[in-house]
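Welcome to a short tour. Open your viewer, get ready to select residues, and follow along stop by stop.

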Amino acid sequence: MSKAAPKKAAAAAAAAPPPPGFNLDINDPQVQNAAIRIQASYRGHRSRKELKEKGPPRVLQNLQDVVLIDGSAAKLTCRISAFPDPFIRWSKDGAELKDGPKYRYVFEDPDIVALVVRDAGLPDLGKYTISVKNPFGECSDSARLLVEVPAKIEKGPGSTKAKKGSTVNLTAHISGEPAPDVGWAKDGEDIEEDNRVYFNIGSDSTTLTIKKVTPADAGKYEVFVENSLGMDQSFARLDVV
């Protein structure tokens, strides 16, 4: 805590002229208009406060689902009414989100609240909920964050050698949202599946299975993925010994 300034010094400071280049003419129309706007804004803010009735919070404008591209920021916004001022909590899939570098709580006067999600990616997909609580009650609202990611092969199948009559599995790890279409080809021709040669597609991988390998199965295999945002492909060679 600092000491109070002597009264004489304070009086002298109050009487000191403005610094050079800083002159405020109260008769200037622009200055007068600015003062009127400030007063009107203050009266409006005070009126809004006085008109509010104490009671449980309410959601006036609901959260909306947000769709964005991988790596960009998302903003979930809603409008609430609450007096006294409420406690705000955001959560994702039931887990509370702390205000920080990744998630930013935003309060916009008078009744707008928002959550900003930075550098959004597939892990950020989910249901986001705002909970609003004051001494008279609470309310909540939810929306989903949908992230679109171009189709990509995270890790392609490796080239391999197989003995005649054995079983070969070629696996690729894939990603993308919406979930990409997946296909396999051999020497440039789409593979037609049967009981011996077929492929499976999982949530993050695809595997081509070749049973009872023959010399005719040797060649260059390609896996390709595609969604509305892009496509990717990878190659591997199978040699039969």
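A disulfide is a covalent bond between the sulfur atoms of two cysteines. To count as one here, a pair of cysteine sulfur atoms must lie within 2.5 Å. Keep in mind that you are looking at a predicted model.

**Stop one: two cysteines.** Select C78 and C139. Why is there no bond from C78 to C139? The sulfur of C139 is the closest cysteine sulfur to that of C78, but the two are 8.0 Å apart, so they are too far for a bond. Going by the 2.5 Å cut-off, the count of disulfides is zero. Now check the surroundings: C78 is buried, with a relative accessible area of 1%, and C139 is buried too, at 16%.

**Stop two: a glycine in a loop.** Next, select G121. You will find G121 in the loop that runs between β7 (112-117) and β8 (126-134). Is G121 buried or exposed? G121 is buried, because its relative accessible area is 8%, and buried means under 20%. Beyond residues up to four places away in sequence, G121 touches D70 and V147. Add V149 to your selection as well: V149 is 28 residues from G121 along the chain, yet their C-alpha atoms are 7.8 Å apart.

**Stop three: a threonine in a strand.** Finally, select T209, which sits in strand β15 (residues 205-210). T209 is buried, with 7% relative accessibility. Which side chain does T209 join through a polar contact? Show N169: the polar contact between the two side chains spans 2.8 Å. Outside its neighbours within four places in sequence, T209 has further contacts to display, including T167, V168 and R196.

Notes:
Residues numbered from 1 in each chain as written. Predicted model: local features only at pLDDT ≥ 70, side-chain atom pairs only at ≥ 80, totals over all residues. Heavy atoms only, no water. Helix = DSSP H or I, 4+ residues; strand = E, 2+ residues; numbered from the N terminus. Buried < 20%, exposed > 50% of the residue type's maximum accessible area, 1.4 Å probe, protein only. Contact = heavy atoms within 4.5 Å. Polar contact = N/O pair within 3.5 Å; in protein donor to acceptor, adjacent residues only side chain to side chain.
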